[in-house]
Amino acid sequence: MVKEGDVVMLVMPQDSEAPKGRLILPQVQTIRDLLDNRCISINVTPETMEGALAALKTPPQLIITDSKPFV
């Protein structure tokens, strides 16, 4: 789905069940895959997504979210 140089935004709610200061395994695996594919990964929470999008000159090629809906 991605190619080298793509900007990908990961919207990552912080799971209350995960140990403090750690990401859950699917988040880590996704970041690693993006790094392996030489993508630019922007990692945000749902609360900071709007500001991150506004800070970009162009929208990301892909936005990945988890299964929880957000506004």
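A residue counts as buried here if its relative accessible area is under 20%. By that yardstick, 27% of the 71 residues of this protein are buried. Keep in mind that this is a predicted model.

**Overall build**

Going along the sequence, you meet the pattern β-α-β-α-β, made up of two helices and three strands. The radius of gyration is 12 Å and the globule rule gives 11 Å for 71 residues, so the protein is as compact as a globular protein of that length. Its C-alpha trace spans about 35 × 25 × 20 Å along the principal axes. As for the surface, about 5,400 Å² is exposed, and 55% of that comes from carbon and sulfur atoms.

How do the contacts spread along the chain? Taking those between residues at least 6 apart in sequence, 76% join residues at least 24 apart.

**The sheet and the helix across it**

The three strands make an open sheet with parallel pairing, in the order E2-E1-E3. Strands E2 and E3 sit at the edges, each pairing on one side only. From one strand to the next, the twist averages 20 degrees.

Here are the elements with their residue ranges:

| Element | Residues |
|---|---|
| Strand E1 | residues 7-11 |
| Strand E2 | residues 40-44 |
| Strand E3 | residues 62-64 |
| Helix H1 | residues 25-36 |

E1 and E3 run parallel and are joined by three bridges. Which residue in E3 is the bridge partner of Met9? That would be Ile63.

Helix H1 lies across E1, E2 and E3, and runs at about 175 degrees to E1.

Notes:
Residues numbered from 1 in each chain as written. Predicted model: local features only at pLDDT ≥ 70, side-chain atom pairs only at ≥ 80, totals over all residues. Heavy atoms only, no water. Pairing = 2+ DSSP bridges. Helix = DSSP H or I, 4+ residues; strand = E, 2+ residues; numbered from the N terminus. Axes fitted to C-alpha atoms, helices over the stretch in contact; angles between N-to-C directions. Contact = heavy atoms within 4.5 Å. Rg over C-alpha atoms; globule rule 2.2 N^0.38 Å. Buried < 20%, exposed > 50% of the residue type's maximum accessible area, 1.4 Å probe, protein only. Areas by Shrake-Rupley, 256 points an atom, 1.4 Å probe, with all protein chains shown as cover.
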